[in-house]
Amino acid sequence: MTGPWTPSTWRERRAEQQPPWPDDVAVERALKQIASFPPLVFAGEARNLTASLGQVAAGRAFLLQAGDCAESFETFSAVNIREKLRVILQMAVILTYSLGVPVVKVGRIAGQFAKPRSSPTERVGDEEIASFRGHIVNDPAPTAAARVPDPDRLVQAYHQAASTLNLLRAFSKGGFADLSRVHAWTQEFVATSREGQRYEQLATEIERALRFMRACGIEIESTFQLHEVDMYTSHEALILGWEEALTRQDSLTDDWYDCSAHLLWIGERTRQRDGAHVEFLRGVGNPLGCKLGPTASADEVLDLCEALNPDRVPGRLTLISRMGADHVEDRLRPLLRAVARAEHPVAWACDPMHGNTFTAANGRKTRHFDDICAEIGGFVRAHRAEGSWPGGVHVELTGEEVTECLGGAEEVLDVNLDERYETVCDPRLNARQSIDLAFRVAELMRA
Ligand code: TRP
Ligand code: MN
C-alpha cells in the first residue's frame, strides 16, 4: 500500500462499517456542502499535537484522552460541554501534579458521532431492525423508521462539532481553565464525596504552591501557561466520506490534513492493513491513533506502524490497547517488544473501557470500576517489564452524575443502574468515578 495517495484513494479499498445510505445522491450532496464549509481545525495545531505526543512517546509526558463514547445530538448544550471539560481539567490537574510531567489533553469530543457495530441489525421484539450507528447516521429509537440513515445528519454533525469546538476554545483560553480556578471546577455533587474531598486537598496544595511561587517573585499574572490550556479534539475516523469532505491541503506545507479534528483514530474493527480506513489515514498529516484488541498480533501491529508512520515520526502514531483486564499484561508485552525492536517511536495508551464491558442482570451494558483500574494496572506492569513508557489513558466519561459504570469510592451498584442511565452507546464513568480514576492512575504509575 504505497502507491500515490489522494483524499479519495480509500474509495478503491474495502471500507468496513459504512452506513447503508438509502440515497447515494443525497449523501453526495451533503458531502459536497461540507466540503465547501471551513475546516474545523488548523494544520499547525495538529502539528503541535504531534510534537506533544512525541514527548509522550519519549516518556516525558502523559496523554489523557477522554469524553463520550458517542456524542449525542439531543444532549448538545453549553452545560454538557462545560461539565465534560471541567472533569477533564480536574483529571489533568491530578495527573500533572502527581506525575510531575505535562499532561496532553485530548477530548473524544467535537466530532465523536459515529459508531461501528458488531452486527448491522438488532432484534426488537419480533422485528429485525438496522443497528444504531451514531447520531451522524441515524436515530437510536428502536423502530425501523428511526434507523434509516439520514444524510442531513452529516451536515448537522459538522455544525455541532463546530460550535462545540468554539466553546472549548473559549473555555480553554478565556479563563475557565485558569489554574487559579482549581477549586471552582468541583461540582457540588462531587465536593462532599470522598473523591471530591481528596481533590479539594490537592487543589489546596496547588494554591499554596502558586502563592509560594508568587512570594518568590515569579510573575504569576503574566505567565500565560498558568491561565490557559491546549485542549485538542479527536474522534474515530469512521465515516470516510465525511472525513474526506473535511480534508484540506495546508497552505503552509502543501500537506493534506483531515481538518475535522486534531487527532483521528482507527477502530479495532476497521484497522485492516489493506482496508479503506488505513488507506485514508496514512495520507493525512494529523497525529493518528489505532486501537488494538486482544487478538492483535505483533506482525499486524508492525504492518500498521509501517503503513501509518513509515518515516518514524515521534508522536505521529499512538497505539491504544483495549485488551481486557485479564489479558492485557500477557498480550501487550510481545507487542511492546516487537515495536521497540523495530524502533517505531509510538506513544502507548490504555483504553481500559472496551475490553471490560458486560451485561448486568437487569440487561444494562456496564463496566466495573475495579476492572477498569485492573486493566490500567496490567498495562503499567507490562510497560515496566518491557522498559517502555505507559504513556496515557483513553477513557469514556461524562461530567454528569450518571449511573452507567459500577463501583467507585461512592459505589454505584447493580440496582442503581436504572437511575440515570443516559448514554447513547457505551457506559461512561461519572464525574466522581473519573476523579477517582485519575488518583488511581497516579498511584499505579508510581507503584
Ligand atoms: N497550561 C498548563 C497545562 O496545560 C497548566 C494548566 C493551566 C493546567 N490550567 C490547567 C493543567 C488545568 C491542568 C489543568 O498543563
Ligand atoms: Mn465506546
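## Polar contacts of ligand 1

In this predicted model, a nitrogen atom of ligand 1 is found 2.7 Å from a polar backbone atom of Ala177. A nitrogen atom of ligand 1 also lies 2.9 Å from a backbone N or O atom of Glu228, while an oxygen atom of the ligand is placed 2.8 Å from a polar side-chain atom of Lys105. Of the 350 Å² of accessible area that ligand 1 has on its own, the protein covers 83%.

## The surroundings of ligand 1

Ligand 1 occupies the largest pocket, where the residues around it are Leu89, Ala92, Val93, Lys105, Ala177, Leu179, Trp185, Gln225, Leu226, Glu228 and Val229. By character, this shell is made up of eight nonpolar residues, one polar residue and two charged residues. Helix α3, which spans residues 78–99, supplies the largest share of the shell, namely three residues.

## The manganese site

The manganese ion, which is ligand 2, is coordinated by Cys69 through SG, His354 through NE2, Glu396 through OE and Asp426 through OD, at distances of 2.2 to 2.5 Å. Along the sequence, these donor residues follow the spacing C-x284-H-x41-E-x29-D. Cys69 belongs to the loop between β1 (62–67) and α3, whereas Glu396 belongs to strand β14 (residues 392–396), so this pair of donors ties together parts that are 327 residues apart in sequence.

Terms used
Residues numbered from 1 in each chain as written. Chains lettered and ligands numbered in written order. Predicted model: local features only at pLDDT ≥ 70, side-chain atom pairs only at ≥ 80, totals over all residues. Heavy atoms only, no water. Near = heavy atom within 4 Å. Polar contact = N/O pair within 3.5 Å; in protein donor to acceptor, adjacent residues only side chain to side chain. Areas by Shrake-Rupley, 256 points an atom, 1.4 Å probe, with all protein chains shown as cover. 1 Å grid on protein atoms, 1.4 Å probe; cavity = no way out; pocket = protein on both sides within 12 Å on 5 of 7 lines; lining within 4 Å. Sits in = over half its atoms within 2 Å of the grid points. Helix = DSSP H or I, 4+ residues; strand = E, 2+ residues; numbered from the N terminus. Nonpolar A, V, L, I, M, F, W, Y, C, P; charged D, E, K, R; others polar. Donors = N, O, S within 2.8 Å, 3.2 Å for Na, K, Ca; no water.
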